[in-house]
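User: I should like to learn how to read the features of a protein model. Could you guide me through one?

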Amino acid sequence: LPRLPAARPPARPPSPWVLRCVHAEGFSAEDLAGLPADVCGFPVPAEGAAPLLVGRQHQQLRFDALLGRAPGCLSFISRTHMQAEAKKAGLVVTNMSLNPVYIDREPLSKGESRTLVSEQVLSFARLEGGAHVLFLS
């Protein structure tokens, strides 16, 4: 008898969540729009899957490309900076770093979580002259 291929588990539906870069220090809007989608987009796994871990350890090449015109900012992206997890209520973002994360220009402290809805802006910041400057959104 012929061997049948093993049954595959049902595929999870794709997540509707993708973190898209809308600002990168040193890039004009036109230059940023010209970057490949796989550089500017961070797809978040569907609800029920492991969360997306974001940081230099996980997306080194993306951060190198996005901060290629402001390489000093790379030191403000932690190895594991944050996690993003798709939920029914929205996208739950948790800051896992001492480096800041901002949601709509409001800081998110280490260990703090917030649920985002579509069109909210998540940003990374650096300290300059005693104030945080958003360099990647």
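**Reading strands, loops and a pocket**

Analyst: Let us begin with one pair of strands: β3 and strand β4 (residues 82-87) run antiparallel and are joined by three bridges. Within this pair, L52 stands opposite A84 in β4. Please keep in mind that this is a predicted model.

User: What holds the strands of a sheet together in general, and in what order do the four strands of the sheet with β3 lie?

Analyst: Strands of a sheet pair through backbone hydrogen bonds, and the pairing may be parallel or antiparallel. Here the order is β3-β4-β5-β8, in an open sheet with antiparallel pairing. The edge strands are β3 (52-54) and β8 (113-116), each of which pairs on one side only. On average, neighbouring strands of this sheet are turned by 25 degrees against each other, direction ignored.

User: Where does this fit in the whole chain, and how many helices and strands does the protein have?

Analyst: The protein has three helices and 10 strands. Along the sequence, these elements follow the pattern β-α-α-β-β-α-β-β-β-β-β-β-β. Of its 137 residues, 39% count as buried.

User: What is the order of the strands in the open sheet that contains β6 and β9?

Analyst: That open sheet has four strands in the order β7-β6-β9-β10, with antiparallel pairing. Its edge strands are β7 (106-108) and β10 (131-136), and each pairs on one side only. Neighbouring strands of this sheet are turned by 50 degrees against each other on average, direction ignored.

User: How many bridges join β9 to β10, and which residue stands opposite R126?

Analyst: Five bridges join these two antiparallel strands. Opposite R126 stands V133 in β10. The hairpin of β9 and β10 has two residues between the strands, and G129 in this hairpin takes a positive phi near 60 degrees.

User: How should I read the sign of phi, and what is the phi of D104?

Analyst: Most residues other than glycine have a negative phi. D104 has a positive phi, near 50 degrees, and is a residue other than glycine. R105 is not a glycine either, and its phi is positive at about 65 degrees.

User: Where are D104 and R105 found?

Analyst: D104 has its place in the loop between β6 and β7, and R105 is found in the loop between β6 and β7 as well. The strands on either side of that loop can be described too: β6 (residues 101-103) and β7 pair in the antiparallel sense over three bridges. In this pair, Y102 stands opposite P107 in β7.

User: Are D104 and R105 buried or exposed?

Analyst: D104 counts as partly exposed because its relative accessibility is 38%. R105 is exposed, with a relative accessible area of 64%.

User: How does one look for empty space in a protein, and what is the volume of the largest pocket?

Analyst: Rolling a probe the size of a water molecule over the atoms shows where empty space is left. In this model, the largest pocket has a volume of about 520 Å³. Its lining consists of 23 residues, and those nearest the centre are V18, L19, R20, C21 and Q120. The elements that give two or more residues to this lining are β1 (18-20) and β9 (122-128). Strand β1 gives the most, with three residues.

User: Which classes of residue make up the lining of the largest pocket?

Analyst: The lining has 18 nonpolar, three polar and two charged residues.

User: What can be said of L19, which lies in strand β1?

Analyst: L19 counts as buried because its relative accessibility is 18%, and the cut-off for buried is under 20%. L19 and C40 are 21 residues apart in sequence, and their C-alpha atoms are 8.1 Å apart in space.

User: How many disulfides does the structure hold, and why is there no bond between C21 and C40?

Analyst: A disulfide requires a pair of cysteine sulfur atoms within 2.5 Å. The structure holds zero disulfides. The closest cysteine sulfur to that of C21 is in C40, at 5.4 Å, and this is too far for a bond.

User: Are C21 and C73 buried or exposed?

Analyst: C21 counts as buried, because its relative accessibility is 12%. C73 also counts as buried, with a relative accessibility of 4%.

Key
Residues numbered from 1 in each chain as written. Predicted model: local features only at pLDDT ≥ 70, side-chain atom pairs only at ≥ 80, totals over all residues. Heavy atoms only, no water. Pairing = 2+ DSSP bridges. Axes fitted to C-alpha atoms, helices over the stretch in contact; angles between N-to-C directions. Buried < 20%, exposed > 50% of the residue type's maximum accessible area, 1.4 Å probe, protein only. 1 Å grid on protein atoms, 1.4 Å probe; cavity = no way out; pocket = protein on both sides within 12 Å on 5 of 7 lines; lining within 4 Å. Points joined across faces, edges and corners; volume = space filled by probe spheres on them. Nonpolar A, V, L, I, M, F, W, Y, C, P; charged D, E, K, R; others polar.
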